[in-house]
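Got your viewer open and a selection box ready? Here is a short route through the model, one stop at a time.

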Amino acid sequence: MKTHVRVLVIGGGVVGVSTLYHLTRKGWTDVALIERSELTAGSTWHAAGLLPLFNMSYTVGQLHKYSVDLYKRLPAETGQDVSFHVTGNLRLATCKERMDEYQKYCGTANTIGVPFEVISPARVKELWPLIELGGSADTPAIIGALYHPHDGHIAPADLTMALRKGARGAGAEIYEHTEALGIERTASGEWQVRTSQGDITAEHLVLATGNYARQSGQLLGLNVPAIPVEHQYIVYDESAELKAYRQGGGRELAVLRESDKSYYLREERLGWILGPYERGAPARFADGVPDWFGRSLFPADLDRLVPHVEAATRRVPALENCGIKDIVNGPISYTPDGSPLIGPAWGLRNVWLNEGHSFGITAAGGSGWQLAEWIVEDEPGIDMLAVDPRRFGAYTGKRYVVKKNEETYRNVFIIHFPDEERPDARPAKTSPVYALVDAKGAVWGQRYGWERANWFAPPGVERTDRWSFRRSNYFEHVGNEARLMRESVGIIDLTPFTKHEVTGAAAESWLDGLVANKVPAKIGRMALCHALTRRGGIRSEFTVTKIAAQHYYVVSAGAAERYDSDYLFKSLPRDGSVGLRNITNTRGCFVLAGPKSREVLAQLTDTPLDNASFPWLTAQTIEAGLAVEVYALRVNFVGALGWELHFPIEYAHHLFDALFEAGKAHGIGMVGMRAMESLRLEKSYRMWGSDMTPDYTPFEAGLDRFVRMNKGPFIGKQALEKQLAAGVPNRFVTLEVHGVTDADPLGNEPLFEPGGRVIGRATSGYYGHCLRKSLAIGYTRAEFAQPGTQLAIEILGERKQATVLRESPYDPDNLDLRA
Ligand SMILES: Cc1cc2nc3c(=O)[nH]c(=O)nc-3n(C[C@H](O)[C@H](O)[C@H](O)COP(=O)(O)OP(=O)(O)OC[C@H]3O[C@@H](n4cnc5c(N)ncnc54)[C@H](O)[C@@H]3O)c2cc1C
């Protein structure tokens, strides 16, 4: 066994072996993998091998697409067959909302380039002759289906062996029966891994340990939010009907999913495999996998299976006459949002995770591809925010993860409404004024563990969401909140914002090298600053305020806390010249905005608030009521006169009451996240994570005024120079969508030029309640970005005409902000 390698992968399931394979493809061949048992001994050996291309996530969709393409070429490349049955994949719909979900997905598929068809019941019967189209209470009529002709199923062990062959052929080493038992950092910054067969030192470590993610994370002090859940499938004996169909010349049936009954069904040796996602499946191994488990399975739980078996048998009567050969009940790794953890571990250099895979056979190719790129080139090639391990924070303790993973598992097949908010493990993190906000009728949502009010139900209105892809029960109330902010004054509680304090002699120069804008040099000035990737994409957005000499206050998205904090800490100079503190939980934030906001705040402070004394885009430390040391920032995300008040957290209650008291005469009220979405789209404000991602540079995003090419070096500058020289390929656009009466764009819709070609994608969309227009923002190829250009956008399967507007359709000259 080697004692030193460049990269050591821990875990020999399909995901670990794929990572190894892709590292060799990137030219890194001094790499090795250790496996405590034998390759595929974890979840990989018993997986059903389905490769669904369907995924609502733009990122995960791309990873799956890559995998399916790779698996088709692997046999020729490695000489190892992988038993890829390209059967196609059929997802049934028995209600209109399900069809809406498929149509929404089609938008994503179109932007990624995944081929699909939306088909009629008659075509379903043609493709799947053994199906009952239904029409009774217990077997509802199929109203349509989504068909992917190019995916199917594969043999997971064969796939792993093909990847192994490819990796080994390029020089990678694989050591079976070699368990990682302890990990230590060496003085030179490498990782020394104590294994059952001796020590190996590595520059980089990859954890790909499947069900063992918790305990392997703990070897490094990481609390990895991946805990498996039981998952079962039934293997049936030969089916006479299926045999007759196949002997009659029928082709292998597509993998079938009846989403509304939560199961999948595929052929297996003239019999069937039926896999349900049941209610009540328990999380397992929250404290680690016991030694006795090894390659074992759990006993079958028939009670959980019965409702799905009954539903499947009604839909495919041929199941009735089949005996059951086997029931497989194995652990399947999950994370609280169901997407894997692919990318850097937080707080540790050169430690990478490829964990938490619940569709790991499907995702192995894509996750190995992007992780290898990230390790070798220091950055992934596509936007990986949706799977970055740092999208979760310290709040993902054991009990949280157990509850959320059980919830995610039983909801695999539910309709993924865009406004869905799941109830388990809530409330977890709350602002100090949670009870006060709740008393105002808040209908809560959750992001990064924080409770956030999505909208406010007026007295007498039911405090629930009716989730939908279309305008729903809260539409009118969200509109009233938006108008309150434009016409009078409202408050948004944005306490979850990520907040860092940067101090020290080199604070300014260090920040300046991280971001594209000029960091403010004068006390009381602020700047919107974007940290870029080396390829010039947007990685983070910070509002940087100079509070005092050598003292900056840096605010970023609430959901980016660990992501931004990790980046900032890892980028710190090692000479101690910069101090950095994550002070997220020490300050609350209320946005006080609207034309009356000055009158309201003036009642609480002696600080003059007129334009000359307190201009737009400046900040002051003020007293507000009894609250001291309040950072008042004259900016906001809604495009109104107003202040973000960032106050020491202990004043939250007081300040809340005082603002409401002062605003009474103006009818001050709370404004929720959905109204904020409407307001910010009217101003063409880009949201980090959806409109600003590593896929687009600030020039593409139309953020040119926040880029100072003539200042000193900053990360990403060279890439921007190249882009300027070559021409900026895409441009940010704001669109008015015509003829919408029901379903507004929400993001991830394809954009078409009049000739019908896809020329871009919407990244966000909503109804602009004050403009009374359906709006989308996104990116098109540069030549289609001129105001007045006529395009089309596809919303839930319907093409709508859309006009490119001048940016910031509401108040383009920012008169409200400067009022
Ligand atoms: C019943 C069932 C059906 C499934 N069907 C499908 C499907 O149809 N399609 C699909 O895409 N996915 C499916 N899955 C999920 C799929 O099996 C997993 O997502 C995938 O196998 C995960 O692969 P992995 O490499 O991450 O983990 P694993 O296969 O579990 O591999 C992890 C490996 O790490 C090793 N290891 C752990 N700790 C150490 C250590 N300290 N030192 C050395 N080695 C270590 C383990 O021994 C293990 O071999 C199914 C899962 C189940 C349970």
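**Stop one: the ligand**

Select Thr-362 and the ligand: a polar side-chain atom of Thr-362 sits 2.8 Å from a ligand oxygen atom, which is a polar contact (a pair of N or O atoms within 3.5 Å). Taken alone, the ligand exposes 1000 Å², and the protein buries 97% of that (Shrake-Rupley areas, 1.4 Å probe). Helix 1, strand 10 (229-236), strand 14 (324-332) and helix 9 each give two or more residues to the shell around the ligand; helices (H or I, at least four residues) and strands (E, at least two) are DSSP runs, numbered from the N terminus.

Before you go on: this is a predicted model, where local features need pLDDT of at least 70 and side-chain atom pairs pLDDT 80 or more, while totals for chains, interfaces and linings use all residues. Residues are numbered from 1 along each chain as its sequence is written, and side-chain values use heavy atoms, with hydrogens and water left out.

Now pick Gly-42, where a backbone N or O atom lies 3.3 Å from an oxygen atom of the ligand. At Ala-180, a polar backbone atom is 3.0 Å from a ligand nitrogen. Widen the selection and you get 36 residues around the ligand, the closest being Glu-35, Thr-44, Leu-50, His-357 and Gly-360 (a heavy atom within 4 Å).

**Stop two: helix 1**

Select residues 14-25. Is helix 1 enclosed or not? Of its 12 residues, 11 are buried, so helix 1 is largely enclosed by the rest of the structure (buried is under 20% relative accessible area, exposed over 50%, partly exposed in between; 1.4 Å probe, protein chains only). Gly-27 follows helix 1, with a positive phi near 95 degrees.

**Stop three: the core**

Which members of the largest nonpolar core touch the most others? Among its 54 residues, they are Tyr-71 and Leu-159 (a core is buried Ala, Val, Leu, Ile, Met, Phe, Trp, Tyr and Cys joined through side-chain atoms within 4.5 Å). Helix 2 (58-78) gives the most to this core, with eight residues. Click Leu-159: its contacts (heavy atoms within 4.5 Å) include Val-14, Tyr-71 and Ile-361.

**Stop four: backbone oddities**

Most residues other than glycine have a negative phi, and most peptide bonds are trans. Go to Ser-83, which is no glycine yet has a positive phi of about 50 degrees; Ser-83 is partly exposed at 23%. Finish at Arg-426 and Pro-427, joined by a cis peptide bond with omega about -10 degrees.

Definitions and conventions. A polar contact is a pair of N or O atoms within 3.5 Å; within protein, one must be able to donate a hydrogen and the other to accept it, and residues adjacent in sequence count only if both atoms are side-chain atoms. Lists of a residue's contacts leave out its neighbours within four places in sequence.
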